[in-house]
Every structure is written in structure tokens, then in C-alpha cells.
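Student: Could we take a close look at a single part of this structure? I would like to see how one helix sits among its surroundings.

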Amino acid sequence: MPEPASPQHPNPPVPPEPPLSARLISRNTADWEQALGMRFVREVTSDTVSDAVFARYLHFEREFVDTAARLAGAAVREAPTPAALAGHARTLHALVTDQYAYFTEALRTTGVPETGERAGAQAATLTEEVLRAADSLGYAGVVTCMYAAESLYRQWCATAVRTPSARTEVADWVRLHTVAPFTTQVRFLADEIDALNSTPAAEAELVAVFGRVLAAEVRFHDAAYIE
């Protein structure tokens with residue numbers, strides 16, 4: 001009598017690979033955690049950041065808005081689809097209207113701080129990093145730089161907003177990064193990254209850029225502590 005056939009055990013399904021936007025973070029875990037734990041984030045979250053430090057930060061951040069606007073403009077020019085063009089155009093408009101207005105009012109409240117040459121040079125490393133990536137990698141570099149900065153803010157502000165600052169200018173700044181249109185912009189950038197048709201070599205370049213931007217973000221925020 002023939003032996004019964006052994007039951008077939010099909011191979012378990014292979015889980016789908018995470019999207020590129022998630023891989024950029026997971027492959028930069030150390031830099032991601034360092035950025036989330038930097039001094040400025042800790043002090044804003046605990047509402048212990050000094051007025052002088054926050055004023056210097058606002059000054060440097062206002063200067064960086066000009067860089068962000070240039071990145072958004074480059075993204076408009078290189079946008080691969082009409083939807084991408086519209087999304088980056090909205091970002092550019094918000095930067096040169098709402099963001100400029102916010103910083104004008106915030107710096108009127110805090111006062112425009114004096115900043116030394118060393119602090120300014122350290123803060124400028126973030127601009128240097130993102131413009132270099134944009135020049136060398138084009139649209140993919142632009143959206144990767146923007147996503148690195150904005151996904152970082154979405155993450156740490158989501159925690160900081162739970163313990164809002166007693167100071168309006170600090171609380172408002174955190175809250176702005178937890179609601180639309182900012183959160184919508186972060187999702188848009190993630191979608192643009194996930195739609196990139198990148199080779200393994202190109203992905204490795206984007207992973208490296210993402211990590212360098214996170215490291216530059218730490219240096220940028222630390223510059224606010226240099227008197």
C-alpha cells in the first residue's frame with residue numbers, strides 16, 4: 001500500500017519591502033535618534049529652553065527659510081508630474097508668505113538677537129549641505145533633503161506638543177508642525193520619495209544624504225547655544 005503523500009507546506013509569503021521614505025529613516029537610525037535627542041529638542045519639550053537661545057534659533061531658522069524657498073523653487077522646476085508641481089508650488093508660496101510673516105512677528109516679540117561669526121558659520125552648514133545635495137542629485141536630492149528636515153520636525157514636535165510651553169512663541173512654533181498644512185506637506189514629500197525610480201546605487205546616495213542632513217540639523221540647532 002503506498003504511503004500517503006506528505007502535506008505540502010508552501011513557502012510563507014515574503015513581506016513587502018518598506019517604502020523608500022521609511023528605508024531612509026531605518027537606514028539612518030543612529031543619526032535619527034541623535035537628532036531627536038538633541039539639546040534644543042529636549043529643552044523645548046521640557047520648556048527649559050532659554051529666551052536667548054530660542055531667539056537665536058528663530059534668527060537662524062528665518063535665514064534658512066530663504067534656503068528652503070530655493071529648494072522648493074528647484075523642486076517646482078524639476079517636478080515630474082503636475083501634482084508634484086502643484087505641491088511644491090504650495091510649499092514655496094507658504095514659505096515666502098506665512099513663514100516670513102511668522103518669523104517677522106516672532107522676532108518682533110523676542111527681539112532680533114546678536115549672533116557671532118562662529119555661530120552663524122555653524123548654522124550655515126545646513127544650507128551648504130542641502131544645496132550641495134540638490135546640485136548633485138537633482139529632484140531626488142531636493143525631496144530627500146526636505147523630507148529629512150520636515151519628517152524630523154513632525155516627529156519631535158508630536159512629542160513636544162503634549163507639554164506645551166508657557167511662552168506663546170514657543171508653543172505656536174511647535175503646534176505649527178503638528179497640524180495641516182505642515183503634516184500634509186510631510187506626507188506629500190514621502191509620496192514623492194516613494195515614487196522615485198531609483199537604482200540600488202542611487203538609493204544608497206539618498207540614504208547618505210538623509211543622514212548628512214540629520215547631522216547638519218543637529219549642528220544647526222546647536223549653533224543657537226553659541227553666544
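Tutor: Happy to! Let's start with helix α8, whose buried residues pack against α1, α5 (82–110), α6 and α7 (168–176). Here, buried means under 20% relative accessible area, exposed over 50%, and partly exposed in between (1.4 Å probe, protein chains only). Helices (H or I, at least four residues) and strands (E, at least two) are DSSP runs, numbered from the N terminus.

A word on the background: this is a predicted model, where local features need pLDDT of at least 70, side-chain atom pairs count only at pLDDT 80 or more, and totals for chains, interfaces and linings use all residues. Residues are numbered from 1 along each chain as its sequence is written, and side-chain values use heavy atoms, with hydrogens and water left out.

Back to α8: this helix covers residues 182–194, 13 in number. From first C-alpha to last it reaches 19 Å, close to the 18 Å expected at 1.5 Å a residue; that expected span is 1.5 Å times one less than the number of residues. Among its buried residues are Phe182, Val186, Leu189 and Ile193.

Ile193 brings us to α1 (residues 20–26), the helix where Leu20 is found. Leu20 is buried, with a relative accessible area of 4%. Leaving out residues up to four places away in sequence, Leu20 touches Ile193, Asp194, Leu196, Ser198, Glu203 and Leu206, where contact means heavy atoms within 4.5 Å. By comparison, Leu20 and Glu78 lie 20 Å apart in space, C-alpha to C-alpha, and 58 residues apart in sequence.
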